[in-house]
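The following exercises are to be worked with the sequence and the coordinates at hand. Each task is followed by a solution in steps.

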Amino acid sequence: MPQSIRSRVTILQEIIEAKSKYPIRATIRNIPITKPPFENFPFIIAEIKRSSPSLGNINDIPSLQNLAKDYLDAGANAISILCEKDYFKGDLEDLQEVKTAYPNACVLRKDFITQIEQIQESYDFGADMLLLITALFAEQVNGFNQLKKLYEQTLALGLTPLLEVHNKEEIDFLKPLKPLLIGINSRNLHNFKIDKIVAYNLLFYAKEQLNSQVLFESSINSSFDGFIVGNIGFDGILCGSYLVKSSNAYEALNALKCSVSVARNSPNAFYQNVFRILQSPLGFLKICGITTKEDALMCAKALESHLGGLLPFDKIAALGFIFIKDSPRFVLESVIREISQSLKDYPKILKIIVIQDDKESMQQAIKLYEEGIIDALQLHGVCGESFGGISLKAANFPFYEVWNIEKPSDFNASISPFVLFDSKSILGGGSGVSIDKEVLQFLKAKVDNYLCVAGGVGIDNIQQYKNLGAKMLDVNSSLESTPAKKDSKKLQAFLEKFTSLIMHS
């Protein structure tokens, strides 16, 4: 294809064009249909795929049957088989082989289905479930009727359709079908870019509009990602590349499934709340360096008074407690417990503990989370996959990373779903030093535009940060009369300016 034409054609269109060149095939099915066990939580679909447009070659998979057995032994409720040849190196024979080897397993055909004849083809080769991608029909003339015919034919053959969506418009589009199962894909199929937070927040709209089980699809890179998905409230996941790439698929899937379950039973839904706030026009505001019950109550009252009417969520803002001994705002564990108890009259305020890379502090912070004293951990000084003696990729608690920034190269990549950029300081927060705005502008693209900023944030530069598109502001020393003592007048002035910027934007 000439480059000038190719540049106007999306990857999805290329895949569909390549797919149309292959004839519909037929065979005889002699294996019964296995219905997916929706009553199980979490509902896990483990995927077999060799390649993808975004990752290239993932794994040659020398034995499909062995990988499928690992999945089933680890508790997969269904196995997804990529059947597209040109971009994913899959085939219908892969599906047939797995279903023949494990006739009682529930098997999903993962493909780009656009023709009614492909439904019968899927049945013939042994599929129990079928993926229907809403994006293939949402912008087509008569697209809904095309999708409806495919959906109804899938049901007529006794197969279970999984309808995939990427945005609110696609949910509205398929709503008349009243689907039992949908999957929210965090990957844009036109350009294959990922926006996890958009996908996470789409769950709430899906649950409002549909009476469906909802799975999360794509961009699972660790068992911690499973914790996030479960904490938000998804009913399960469809996971492929992470499992296929792992050296031990059984252990990887078992850990992933465990993390989703642990998250559903966690003391709070931190990520569910924070992602909604991050995507709101107001953004996420955290007042850090709280050291006394009096300051905590004053700040909580002011936050609920100013923000409560603007954010229609269960949580609206956060207070932070610095559990770093060298900081002038260090608070003892006993004080954090006392303050947390006093904040019960302000249920809309999140409570966050700030710690450095120290095993003892990490264990104390996790204990406070498990007891429901605090809602999440803010980790200062992250520079790898391990923090406080724990692998962050295997974490079963909510956290976000803080990277101390002076120049763009100070940030590499993160495990947490959003990252707070703070200026370089030995104080553990509250230095009053700001990050250069040009550096922040550069880093914004590195974090998918979810720019979260700490360090020198105050009433004089809120406008600048909002102009940069900051989604989170972490405020500390600018709201104090003396170190570790919050000032009521400064707080009120800051909140008035903060809310006025949104109301007049």
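A residue is called buried when its relative accessible area is under 20%. The model examined here is predicted.

**Exercise 1. Determine whether A199 is buried or exposed, and describe its surroundings.**

Solution.
- Step 1. Locate the residue: A199 belongs to helix α8, which spans residues 196-209.
- Step 2. Apply the cut-off: the relative accessible area of A199 is 4%, and the limit for a buried residue is under 20%. A199 is therefore buried.
- Step 3. List the contacts: leaving aside residues up to four places away in sequence, A199 touches I184, S186, F216 and F234.
- Step 4. Add a distance to another part of the chain: 26 Å separate the C-alpha atoms of A199 and P347, which are 148 residues apart along the chain.

**Exercise 2. Classify the aromatic pair Y400 and F418, then the pair F494 and F498.**

Solution.
- Step 1. Choose the descriptors: a pair of aromatic rings is described by the distance of the centres and the angle of the planes.
- Step 2. Survey the structure: a search of the whole structure yields 18 aromatic pairs.
- Step 3. Take one of them: the rings of Y400 and F418 are 4.8 Å apart, centre to centre, with 25° between the planes, and the pair is stacked. The cut-off for this class is planes under 30 degrees apart.
- Step 4. Place this pair in the chain: Y400 is in strand β17 (residues 399-405), whereas F418 is in the loop between β17 and β18 (419-423), so the pair ties together parts 18 residues apart in sequence. Both Y400 and F418 are buried.
- Step 5. Repeat for F494 and F498: the centres are separated by 6.2 Å, the planes make 10°, and this pair is stacked. F494 and F498 are 4 residues apart in helix α18 (residues 488-503), and about one helical turn therefore separates them. F494 and F498 are both buried.
- Step 6. Extend the view to groups of rings: Y400 and F418 belong to one aromatic cluster, whose members include F216, F234, F270 and F397.

**Exercise 3. Identify which ring faces K168 and R276 lie over.**

Solution.
- Step 1. K168 is placed over the face of Y205, 5.1 Å from the ring centre.
- Step 2. R276 is placed over the face of F204, 4.1 Å from the ring centre.

**Exercise 4. Describe how α9 and α12 pack, and to what extent α9 is buried.**

Solution.
- Step 1. Choose the descriptors: two packed helices are described by the angle between their axes and the distance between the axes.
- Step 2. Evaluate them: the axes of α9 (residues 223-232) and α12 (residues 270-279) come within 6 Å and cross at roughly 80°. The two helices are therefore roughly perpendicular to each other.
- Step 3. Name the residues in contact: α9 contributes F224, F227, I228, N231 and I232, while α12 contributes F270, Y271, Q272 and F275.
- Step 4. Assess burial: 10 of the 10 residues of α9 are buried, so this helix is largely enclosed by the rest of the structure. Among them are D225 and N231.
- Step 5. Inspect the end of the helix: G233 follows α9 and has a positive phi, near 120°.

**Exercise 5. Trace the strand order of the two barrels and examine selected strands.**

Solution.
- Step 1. One barrel closes with 8 strands in the order β1-β4-β5-β6-β7-β8-β9-β10, paired in parallel. The twist from one strand to the next averages 25°.
- Step 2. In this barrel, β1 (residues 43-48) and β4 (residues 78-82) run parallel and are joined by 4 bridges; E47 stands opposite S80 in β4.
- Step 3. Another closed barrel of 8 strands runs β11-β12-β13-β14-β17-β18-β19-β20, with parallel pairing. Its neighbouring strands are turned by 25° against each other on average, direction ignored.
- Step 4. Within it, 2 bridges connect β11 (residues 284-287) with the parallel strand β12 (residues 317-322), and K286 stands opposite A318 in β12.
- Step 5. Add the helices: α13 (residues 293-307) packs on the sheet, touches β11, β12 and β13 (349-355), and makes about 160° with the direction of β12. Helix α18 also packs on the sheet, touching β11 and β20 (470-475), at about 170° to the direction of β11.
- Step 6. Examine β19 (residues 451-454): L451 and V453 on one side and C452 and A454 on the other are all buried, and both faces are covered. β19 pairs in the parallel sense with β18 over 2 bridges and with β20 over 4 bridges.

Key:
Residues are numbered from 1 along each chain as its sequence is written. This is a predicted model: local features need pLDDT of at least 70, side-chain atom pairs count only at pLDDT 80 or more; totals for chains, interfaces and linings use all residues. Side-chain values use heavy atoms; hydrogens and water are left out. Rings of Phe, Tyr and Trp (its six-membered ring) pair if their centres lie within 6.5 Å; planes under 30 degrees apart count as stacked, over 60 as edge-to-face and the rest as tilted. Buried means under 20% relative accessible area, exposed over 50%, partly exposed in between (1.4 Å probe, protein chains only). A charge sits over a ring if NZ of Lys or CZ of Arg is within 6 Å of the ring centre and within 35 degrees of the ring normal. Two strands pair if DSSP finds at least two bridges between them. Axes are lines fitted to C-alpha atoms, for helices over the stretch in contact, and angles run from 0 to 180 degrees between N-to-C directions. Contact means heavy atoms within 4.5 Å. Angles under 35 degrees count as roughly parallel, over 145 as roughly antiparallel, 65 to 115 as roughly perpendicular and the rest as oblique.
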